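Me: I should be grateful for a close look at the disulfide in this chain. Please then place it among the other links and surroundings of the fold.

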Amino acid sequence: GQRKELVTDQNCDDCTDGPGPQVQRAHILRSTSILVTKFSSDGQTVIWSTYFNGSPNEILDLGINSAAVSDAGEVAFGLLNAPAGLPLANATQSFAVGQLNAYVAKLSPAGNALVFGTYLNTGDSGSHLLRGLDVSASGQVAVSGMLGGTNTFPVVGGIPGQSCAMNLAQNEFAEGFVALFDTAGELIFSSCLGGDIKDGPGTEGLRGVAIGPGGDLYVLGYSSMTDFPLVNPVQPAKHVPGARDMTISRIDPDDGTLVFSTWFGPTAKEKPPYGKDYDKNDEPYLTFFPSHILTDSGGNIIVTGVIGALSYPAVTALQSNLAVPRTSAEFLAASYWGADLPPFEAVSDFFVTKLHPVNGVIFSTYLGGSQEESGFPSLALDADDNIYLAGLSASTDYPVQNAIQASPPSAYSMVLSTLTPAGALAFSTYLGGSEPYPAQGKAGVAVNATGKIIHVGATDSNDFPLAGPATSFAGGVDATLSIIDPSGDTDTDGDGVPDAVDDFPADAGE
């Protein structure tokens with residue numbers, strides 16, 4: 001929510017009418033809360049719903065892919081750049097004045113008690129403070145993110161040889177971190193992960209974390225350092241010197257052992273247009289944003305994100321090339337740098353890569369249409385290791401299969417896709433109403449015990465498709481909840497329209 005406050009400037013030196021008290025400005029004082037709601041399994045009934053508030057006029061900002069639910073129904077979430085005054089319970093750290101602070105909390109299954117709530121002191125600089133959270137079946141909570149500058153981040157049984165101190169001689173200003181809390185909120189493992197020898201912009205951080213079936217931590221990040229620690233890597237070096245590349249690592253939190261660690265990313269240099277501040281030194285740059293990581297029952301690692309590079313490794317690929325119609329490495333990176341251009345000028349698709357620490361890359365693919373895919377895609381797995389991806393698309397030709405909505409309902413729509421363990425497209429659909437982005441918001445996905453897909457997002461459309469809704473459109477921007485049964489979406493003629501709503505189920509031309 002937000003409210004307006006009218007402020008009179010008493011000494012307005014930059015006003016067109018000259019200094020004086022004659023100018024009034026309307027300031028927007030924003031307040032945001034975390035909203036957590038539990039529905040019945042059929043989506044028909046709200047079981048409980050609660051706000052989680054900060055102080056008035058303060059913003060609570062969820063990190064990307066930074067909320068999860070345990071098997072017992074405990075809800076954990078992480079905030080980046082959290083304000084002072086949030087509730088503490090079994091806390092590891094309190095708010096640190098003069099630093100930026102992340103915050104991690106877990107609510108009871110009934111939503112009416114704080115199991116634990118703690119700050120993590122993340123330093124005096126940086127922006128991506130907490131970017132990833134996972135909850136194990138037993139209720140352990142893992143988080144990942146970025147530290148900056150001088151910090152008092154707590155290290156518990158860290159990875160040998162790793163330090164959270166920045167290498168000032170190399171002008172290093174960021175470092176990735178991962179932390180694991182037990183079921184009651186005690187910090188049982190935390191460590192930094194990164195290099196010290198600068199090669200490019202000097203940034204690195206961790207953007208995703210997953211707790212594996214055996215308790216190991218799988219972390220996804222990026223780094224531009226030459227000495228990022230590697231163990232049995234699938235890709236032993238960055239393909240593009242000076243660029244920031246993706247990192248994928250596995251950690252045993254019992255003793256801090258780095259079990260597996262590798263680079264993975266595009267093979268050729270690309271750069272944004274000349275004249276931009278970030279390109280003043282002609283540094284190579286990869287438009288490449290990893291966002292989510294999971295591990296399946298076979299020990300494979302699945303990662304996803306958005307990418308605008310032409311040379312991402314394609315292995316047994318569903319889509320071997322960037323679908324955006326361009327061939328040159330000289331491009332206008334509109335979607336990343338705020339250029340005032342329509343979506344068709346942007347340059348990103350999703351990517352999905354599945355690899356094994358011993359067996360190498362199982363498959364690696366682009367996934368998208370000829371316009372922009374974005375939204376920091378979310379991942380989920382089912383009991384059979386099928387892969388579910390949710391995100392946003394501005395493309396009119398995003399790949400669909402047995403679709404609920406075979407064509408985009410607006411200029412920017414949510415999309416949901418299912419890949420088989422081998423990387424084939426099993427199900428893919430648009431989802432949304434007629435009002436476009438940005439209010440048709442970033443999406444999340446899960447799969448329940450019966451194989452139904454749980455999809456959440458946001459919309460300001462009053463025509464979002466509904467089926468047995470528990471609530472109606474309230475105006476403004478509403479959250480959306482969709483329960484989808486993909487087993488009934490047979491498409492005999494392969495025309496993208498399920499048989500259940502296809503008047504000619506055996507004729508692809510009708």
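Reply: A residue is called buried when its relative accessible area is under 20%, exposed when that value is over 50%, and partly exposed in between. By this cut-off cysteine 164, with a relative accessible area of 11%, is buried because its value lies under 20%. The model is a predicted one, and the values that follow are computed from it.

Cysteine 164 is one half of a disulfide, its partner being cysteine 192, with a distance of 2.1 Å from S to S. A disulfide is a covalent bond between the sulfur atoms of two cysteines. The structure holds 1 such link. The angle about the S-S bond is 115 degrees, and the link of cysteine 164 and cysteine 192 is right-handed. Cysteine 164 is placed in the loop between strand E10 (141-148) and strand E11 (174-181), while cysteine 192 belongs to strand E12 (residues 187-193); the pair therefore ties together parts that are 28 residues apart in sequence. Cysteine 192 is also buried, at a relative accessible area of 1%.

The surrounding chain has 510 residues, of which 52% are buried. The chain contains 1 helix and 27 strands. Among contacts with a separation of 6 or more, 62% are between residues 24 or more positions apart.

Salt bridges provide further links, and the whole structure has 3 of them. One joins glutamate 74 to lysine 106, whose closest N and O atoms are 3.3 Å apart. Glutamate 74 sits in the loop between E5 and strand E6 (75-79), and lysine 106 in strand E7 (residues 100-107), so this pair ties together parts 32 residues apart in sequence. Glutamate 74 is buried at 14% relative accessibility, and lysine 106 is buried at 0%.

Another salt bridge connects aspartate 216 with arginine 250, the closest N and O atoms being 2.8 Å apart. This pair links distant parts of the chain, 34 residues apart: aspartate 216 is in the loop between strand E13 (204-211) and strand E14 (217-223), and arginine 250 is in strand E15 (residues 245-252). Aspartate 216 is buried, with a relative accessible area of 11%, whereas arginine 250 is partly exposed at 25%.

In a further salt bridge, lysine 354 pairs with aspartate 296, with 3.6 Å between the closest N and O atoms. Here too distant parts of the chain are linked, 58 residues apart, with lysine 354 in strand E19 (residues 349-356) and aspartate 296 in the loop between strand E17 (288-295) and strand E18 (301-307). Both lysine 354 and aspartate 296 are buried.

Asparagine 65 offers a polar contact of another kind. This residue lies in strand E5 (residues 62-69) and is buried, at 18% relative accessibility. The side chain of asparagine 65 reaches the backbone oxygen of serine 291 at 3.2 Å. Beyond its neighbours within four places in sequence, asparagine 65 is in contact with residues including Gly132, Leu133, His292 and Phe376.

Finally, the surface may be considered. The chain exposes about 21,100 Å², of which carbon and sulfur atoms supply 52%. Val456, Leu481 and Ile483 form a nonpolar patch there, with about 200 Å² of accessible area together. Valine 456 is part of strand E26 (residues 453-459), and at 37% relative accessibility it counts as partly exposed.

Notes:
Residues are numbered from 1 along each chain as its sequence is written. This is a predicted model: local features need pLDDT of at least 70, side-chain atom pairs count only at pLDDT 80 or more; totals for chains, interfaces and linings use all residues. Side-chain values use heavy atoms; hydrogens and water are left out. Patches are made of residues with over 30% relative accessible area and no salt bridge: like charges are joined within 9 Å, nonpolar side chains (Val, Leu, Ile, Met, Phe, Trp, Tyr) within 5 Å. Accessible areas come from the Shrake-Rupley method with a 1.4 Å probe; for residues, only the protein chains shown count as cover. A salt bridge is a side-chain nitrogen of Lys or Arg within 4 Å of a carboxyl oxygen of Asp or Glu. Helices (H or I, at least four residues) and strands (E, at least two) are DSSP runs, numbered from the N terminus. Buried means under 20% relative accessible area, exposed over 50%, partly exposed in between (1.4 Å probe, protein chains only). A disulfide is a pair of cysteine sulfur atoms within 2.5 Å. A polar contact is a pair of N or O atoms within 3.5 Å; within protein, one must be able to donate a hydrogen and the other to accept it, and residues adjacent in sequence count only if both atoms are side-chain atoms. Contact means heavy atoms within 4.5 Å.
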